[in-house]
Amino acid sequence: MRKHILLSNDDGYHAKGIEALYEALSEIADVTVVAPETNHSGASNSLTLNRPLAVRQAKNGFYYVNGTPSDSVHVALTGLIEREIDLVVAGINNGANLGEDTLYSGTVAAATEGFLFGYPALAFSLIEREWPHLDAAAQISQYIVKKQLAQPRQAPMLLSVNIPALAAHDPENIRVTRLGRRHPSQAVVPTSSPNGETMYWIGAVGNVRDFADDTDFGAVQNGYVAVTPLNLDLTHHAELELTRQWISSK
């Protein structure tokens, strides 16, 4: 029996990225799409707890949820999809998810939700916006997914994959990286509502601070696909003993 992939994203079920990835992955597995109804970029891992969620099906067979990326995967895995799932995939995102941006990403969050349920999960992002060379990005995504299906790791893993906008990709063009770092984001941009109330746009992202060759920033800057394994243990283990000493000090 063919493997079964759950596919989601944060750009919405109608986005070019998820359509291209669906076509590529359908060549190697059965694919069920459950994605947000509208764009939820920057939604991170938020779940909708203050109202029920509606699930509808588009003419192309894609399911869409009036909620977040995490909602979409959560609903799919806990009630909507009856067939066993082998892999959770998110993307292809319209833009990069590098460094600390990973914490805000709805695309990475969709994959993370699958990982939290014990599934291997991959998030794919095309680093330039508006989908340049989307077909090539879909093919390199297919290559990585095919490798996971053929050679699954013993323990589920969570990978964030950032793909440069190149006309063609060579499997040798992949680097395993750590997350880089940015400077803090730029200041908010004030504006006024029609009734004169001061409102604020979130400012642009900060400049890159750590773009060494072994980082995701460094890899894509040099034209490589960056594959970053992610870990959800937020404990700062090196600080445990120092914090014990501090909290118990007189």
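Helices and strands here are DSSP runs, numbered from the N terminus. The model is predicted.

**Stop 1: an exposed loop**

Select Q154. This residue sits in the loop between α5 and β7. With a relative accessibility of 88%, Q154 counts as exposed, because the cut-off for exposed is over 50%. Now add P164 and draw a C-alpha to C-alpha distance. Q154 and P164 are 10 residues apart in sequence and 29 Å apart in space.

**Stop 2: helix α5**

Step back along the chain to α5, residues 134–150. The helix has 17 residues. From first C-alpha to last it reaches 24 Å, close to the 24 Å expected at 1.5 Å a residue. Colour its buried residues: L134, A136, A137, A138, I140, S141, Q142, I144, V145, Q148 and L149. An α-helix has 3.6 residues a turn, so residues three or four places apart point the same way.

Pick S141 in α5. Is S141 buried or exposed? At 0% relative accessibility, S141 is buried. Beyond its sequence neighbours up to four places away, S141 touches L21, I92, F124 and I163.

**Stop 3: the largest nonpolar core**

The largest nonpolar core holds 37 residues. Select I5, V89, I92, F124, V145, V161 and I163, the members that touch the most other members. Then show the elements that each supply at least two residues of this core:

- strands β1 (4–8), β2 (30–36), β5 (87–94), β6 (121–126), β7 (158–163) and β13 (225–229)
- helices α1 (16–26) and α5 (134–150)

Which element gives the most to this core? Helix α5 does, with seven residues.

Centre on V89. Leaving aside neighbours within four places in sequence, V89 is in contact with I5, L6, L7, S8, L21, L25, L122, F124 and V145. Apart from this core lies another, of 18 residues. Its members include V34, I81, A90 and L230.

**Stop 4: the annotated site**

Select D10, D11, S41 and N93. UniProt places the feature "binding site" at these residues, in an unreviewed entry. They span 84 residues in sequence, yet no two of their C-alpha atoms are more than 9.0 Å apart, so they gather at one spot. Switch on the largest pocket: from this set, its lining takes in D10, S41 and N93.

Zoom in on D10, in the loop between β1 and α1. At 2% relative accessibility, D10 is buried. Its contacts, not counting residues up to four places away in sequence, are P36, T38, N39, H40, S41, G42, P69, N93, S105, G106 and T107.

Move on to D11, also found in the loop between β1 and α1. D11 is buried too, with a relative accessible area of 5%. Outside the same sequence window, D11 touches T38, N39, S41, I92, N93, N94 and W131. Which side chain makes a polar contact with the side chain of D11? The side chain of S41 does, at 3.4 Å.

**Stop 5: helix α2**

From D10, follow the contact to P69. P69 belongs to helix α2, residues 69–80. Colour the buried residues of α2: P69, S70, D71, S72, V73, V75, A76 and L77. What do they pack against? Show strands β1, β2, β3 (55–57), β4 (63–65) and β5, then helix α4 (106–116). The buried residues of α2 pack against these elements.

Terms used:
Residues are numbered from 1 along each chain as its sequence is written. This is a predicted model: local features need pLDDT of at least 70, side-chain atom pairs count only at pLDDT 80 or more; totals for chains, interfaces and linings use all residues. Side-chain values use heavy atoms; hydrogens and water are left out. A nonpolar core is a set of buried Ala, Val, Leu, Ile, Met, Phe, Trp, Tyr and Cys residues joined through side-chain atoms within 4.5 Å. Buried means under 20% relative accessible area, exposed over 50%, partly exposed in between (1.4 Å probe, protein chains only). Helices (H or I, at least four residues) and strands (E, at least two) are DSSP runs, numbered from the N terminus. Contact means heavy atoms within 4.5 Å. UniProt positions are given in the numbering used here, feature names are shortened, and annotations may be inferred rather than shown by experiment. On a 1 Å grid over the protein atoms alone, a cavity is a set of points where a 1.4 Å probe fits but cannot get out, and a pocket is an open set with protein on both sides within 12 Å along at least five of seven lines; lining residues have an atom within 4 Å of a point. A polar contact is a pair of N or O atoms within 3.5 Å; within protein, one must be able to donate a hydrogen and the other to accept it, and residues adjacent in sequence count only if both atoms are side-chain atoms. The expected span of a helix is 1.5 Å times one less than its number of residues.
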